[in-house]
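Thank you all for coming; I would like to spend a few minutes walking through one model with you. Please have a look at the sequence and the structure first, and then I will go through the core, the helices and the strands in turn.

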Amino acid sequence: MFHHGKLNRQHAVIYFVSMVILMVVLPYLSIKLFPALVKDLPETSTYDGEIPDTVRIYLTKEDKYETIAFEDYIEGVVASEMPASFEYEALKAQAVASRTYALGRILAGTEICDSVHCQVYRSDNIDEKVSKAVEETCGQVLLYKGKLAAHALYFASSAGPTENSQDVFSGTYAYLVSVDSSYEPGATHKKEKTTMTISDFSKAIKKAFPEKNFGTIKKSNIKIKSRSEGGRAATVKVGKETITGSDIRTALNLYSTRFEISFSGNTKITITTAGSGHGVGMSQYGANGLAKKGKTYKKILSHYYRGTSVSTGESK
Ligand SMILES: [Zn+2]
């Protein structure tokens, strides 16, 4: 009886904290780590060769919508998503991929925002080289068997083969399959080490997946069980549960799921990642590498998006 009021207050606090985690932290983490997942788009996007003149963008920070010219939007995306110092053909490949992805969302009636959730867009940092790459590919999009290859995903660096889309996201797409990406000059995040105590590792995993029953997580029950075709961690045993490499990446905010796990003594765990990003579609550093080898943007795109071709686009 004496503790009654206090208990209720504790319950209210626990309820409130859980709700904040469920409604704010988890969506934020998934949005931060994965660009709009392939599953929010229908299987086939009907593309009739038309490129819209304008696009309506949700500006995240300002919390408002803005309608701008579609090709200006693509310029702002390429400028934000790839360094202007990259090879010209890589920038053109990025322009076509970004235009395709954006068109896919427009045709699906899905909102487009200016953050990593869709594609980062800023209008105040557009280099002349970027403008030219966008203009030269004006209206060009990626097609697979005559249809828009709407899920033209890309990521920073692969440090090895890319991934089959179904090994990372929910959908299977013939043009999103594991391909070689061995040449990535200057790629950052080659080997990133994250070291923590096993106790902190345990806390982070349990916090990220409160519905799972891991039991006691210790050195002897943390192990990579299987790898994807692209060589990334597919399933990982943690305590009494088996979770995916992506789950670990989300929980610990890792650069990629291409990781190794090692221990020092019985208390410390080190996770060493290579590459940066989800691994599906075009590696941007890989695109830069192929461009350095003299490949055109069309060759770069058909390498990373297998079986695709570039549409003729519209003459301006
Ligand atoms: Zn978005």
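**Inside the core**

Let me begin with one residue, Leu-301, which, once residues up to four places away in sequence are set aside, touches Ala-93, Val-96, Ala-97, Leu-142, Thr-308 and Val-310. I should say at once that what you are looking at is a predicted model, and that everything I describe is to be taken in that sense.

Leu-301 belongs to the largest nonpolar core, a set of 57 residues in which Val-78, Leu-142 and Leu-301 have the most contacts. Several elements each supply at least two residues of this core, including strand E1 (54-59), helix H2 (70-81), helix H3 (88-107), helix H4 (128-136) and, further along the chain, helix H8 (284-292) and helix H9 (297-304). Which of the elements gives the largest share of this core? That is H3, with nine residues. Apart from this core lies another, of 14 residues, and among them are Ile-217, Tyr-255, Phe-259 and Ile-271.

For the chain as a whole, the count is nine helices and 14 strands, and buried residues account for 41% of the 316 residues. If we take the contacts between residues at least 6 apart in sequence, 69% of them join residues at least 24 apart.

Now to the helices, starting with H3, where 17 of the 20 residues are buried, so this helix is largely enclosed by the rest of the structure. Its end C-alpha atoms are 28 Å apart, and this agrees with the 28 Å that 20 residues should span at 1.5 Å a residue. Just after H3 comes Gly-109, which takes a positive phi of about 75 degrees.

H2 has 12 residues and reaches 16 Å from its first C-alpha to its last, close to the 16 Å expected at 1.5 Å a residue. H2 is mostly covered as well, with nine of its 12 residues buried; among them are Tyr-73, Ile-74, Val-77 and Val-78, but also Glu-71, Glu-75 and Glu-81. The buried residues of H2 pack against E1, strand E2 (64-69), H3 and H4.

That brings me to the sheet, an open one of three strands, in the order E2-E1-E3 and with mixed pairing. The edge strands, each of which pairs on one side only, are E2 and strand E3 (112-113). On one side, E1 and E3 run parallel and are joined by two bridges, with Tyr-58 standing opposite Cys-113 in E3. H2 packs on this sheet, touching E1 and E2, and the direction of H2 makes about 110 degrees with that of E2.

On the other side, E1 and E2 pair in the antiparallel sense over six bridges, and here Arg-56 stands opposite Thr-67 in E2. The hairpin of E1 and E2 has four residues between the strands, and in it Asp-63 takes a positive phi near 55 degrees.

Is E2 largely in the open or largely covered? Of its six residues the number buried is zero, so E2 lies largely in the open. Tyr-65 has its place in this strand, and Tyr-65 is exposed because 12 other C-beta atoms lie within 10 Å, where 12 or fewer is the criterion. Leaving aside its neighbours within four places in sequence, Tyr-65 is in contact with Arg-56, Ile-57 and Tyr-58. The C-alpha atoms of Tyr-65 and Ile-112 are separated by 9.7 Å, although the two residues are 47 apart along the chain.

There is a second hairpin to mention, in which strand E9 (residues 233-238) and strand E10 (residues 241-244) run antiparallel and are joined by four bridges. Lys-237 stands opposite Thr-242 in E10, and Gly-239, in the hairpin with two residues between its strands, takes a positive phi near 60 degrees.

Finally, a word on confidence. The chain averages a pLDDT of 89, and 85% of the residues score at least 70. Over residues 1-5 the pLDDT stays under 50, and the model has zero contacts for them beyond four places in sequence; over residues 25-35 the pLDDT also stays under 50, but there the model has 13 such contacts. Where pLDDT is low, the predicted coordinates should not be read in detail.

Terms used:
Residues are numbered from 1 along each chain as its sequence is written. This is a predicted model: local features need pLDDT of at least 70, side-chain atom pairs count only at pLDDT 80 or more; totals for chains, interfaces and linings use all residues. Two residues are in contact if their C-beta atoms, placed from the backbone, lie within 7 Å. A nonpolar core is a set of buried Ala, Val, Leu, Ile, Met, Phe, Trp, Tyr and Cys residues joined through C-beta atoms within 7 Å. The expected span of a helix is 1.5 Å times one less than its number of residues. Two strands pair if DSSP finds at least two bridges between them. Axes are lines fitted to C-alpha atoms, for helices over the stretch in contact, and angles run from 0 to 180 degrees between N-to-C directions. pLDDT is the predictor's confidence in each residue, from 0 to 100.
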